[in-house]
Amino acid sequence: MEARYRKQLLTAAKIIISGALLYFIFNKITIGDVTKVLQRTQPLYLLLALVLFLLSKVLASYRLNLYFHQIQVALSHGSNLKLYLLGMFYNLFLPGGIGGDAYKGYVIKQKFQVKTKKVVAVLLLDRLSGLLLLFIYACILALLLKHELLNRFRLLIGILAFLSVFVFWWINQRFFKNTLSIFWKSFGYSALVQVAQLASVWFILQSLSIAKSTLAYLFIFLISSIVSVIPLTIGGIGSREVTFFYGADLFGLDENTSVGISMVFFLITAFVSLFGIRYHFKKPELTIKKKS
């Protein structure tokens, strides 16, 4: 019971923090001005942004399945994608219930009788692999952007980008040797995942008729994605908007437009996550991948 109350308290704290951050942002900007930004959205570009975001999630589910296969959980890609969508739905729409990763871990453990430690390890590595590429792409864009603050740390940024790959490889080699054989393959999937999401955001920019400062907006998006991983809010709500607001201030961009981009990306995320509701009522049947 104590654990249950602790979880409820943590969920309440996340909701409060998300609400407080949104309240803070909408006291800094005018909702009407953000609405004007959203009203100029072009549907075709928005559809392309949606398709690319969905593609990024399909690729991410393939990456996760790579890790599952390393612990002898030979899930079919179709089953894993359904489980992945259900996890997205739980993370965003049922914050007070079981988390998406926790649910995936529980189902895999029960179905395949795998040790909890192994399941937790691959779920963690999957997250870290995605985070690594967010960081690397952020470093690349930081090197391409011309800004006084970034100019001071160009050498350090370049060193950190290369060092991050080595550190992650060392973590795999030292603590997760059973996944080392797929290190570069998972790295490749992560690279494709983040490219698809960057392309999705680029189309969001096009849908809002934003032709200038695209690199700056993409950089802010990557930083906001890293910040949203910190488990202080519900699905990154609030933290992403705050990052876009202050990122716009740093690069001399329009704050209303910047927050509008964040909101469109959230709506796309929510729309795709909502597909997982089907598997909440009818739990996906986990099938084994057939050997070729």
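**Close-up views of a predicted model**

**View 1. Gln113, out in a loop.** Gln113 is exposed, with a relative accessible area of 65%, in this predicted model. You'll find Gln113 in the loop between α5 (100-112) and α6. Its backbone is worth a look too: phi sits near 55°, a positive value, and the residue isn't a glycine.

**View 2. Ser209, another loop residue with positive phi.** Here phi is about 60°, again without a glycine to account for the sign. Ser209 belongs to the loop between α9 and α10 (214-229). At 49% relative accessibility, Ser209 counts as partly exposed, because the exposed class starts over 50%.

**View 3. Helix α9 against helix α12.** Helix α9 (residues 183-207) packs on helix α12 (residues 255-274) at an angle of about 125°, and the axes lie 10 Å apart. That angle makes α9 oblique to α12. The crossing of α9 past α12 is right-handed. On the α9 side, the contact uses Gln197, Val201, Ile204 and Leu205; α12 brings Ile261, Val264, Phe265 and Ile268. Sort the residues of this contact by type and you get seven nonpolar, one polar and no charged.

**View 4. Helix α8 and what covers it.** Helix α8 (residues 154-175) has 22 residues, so at 1.5 Å a residue it should span 32 Å, and its end C-alpha atoms are indeed 32 Å apart. Its buried residues are Ile157, Gly158, Ala161, Ser164, Val165, Phe168 and Asn172. Among the elements covering those buried residues of α8 are α3 (43-70), α6 (116-144), α7 (148-152) and α9.

How values were computed:
Residues numbered from 1 in each chain as written. Predicted model: local features only at pLDDT ≥ 70, side-chain atom pairs only at ≥ 80, totals over all residues. Heavy atoms only, no water. Axes fitted to C-alpha atoms, helices over the stretch in contact; angles between N-to-C directions. Helix = DSSP H or I, 4+ residues; strand = E, 2+ residues; numbered from the N terminus. Parallel < 35°, antiparallel > 145°, perpendicular 65-115°, else oblique. Left-handed = near helix turned anticlockwise from the far one by under 90°. Contact = heavy atoms within 4.5 Å. Nonpolar A, V, L, I, M, F, W, Y, C, P; charged D, E, K, R; others polar. Expected span 1.5 Å × (residues − 1). Buried < 20%, exposed > 50% of the residue type's maximum accessible area, 1.4 Å probe, protein only.
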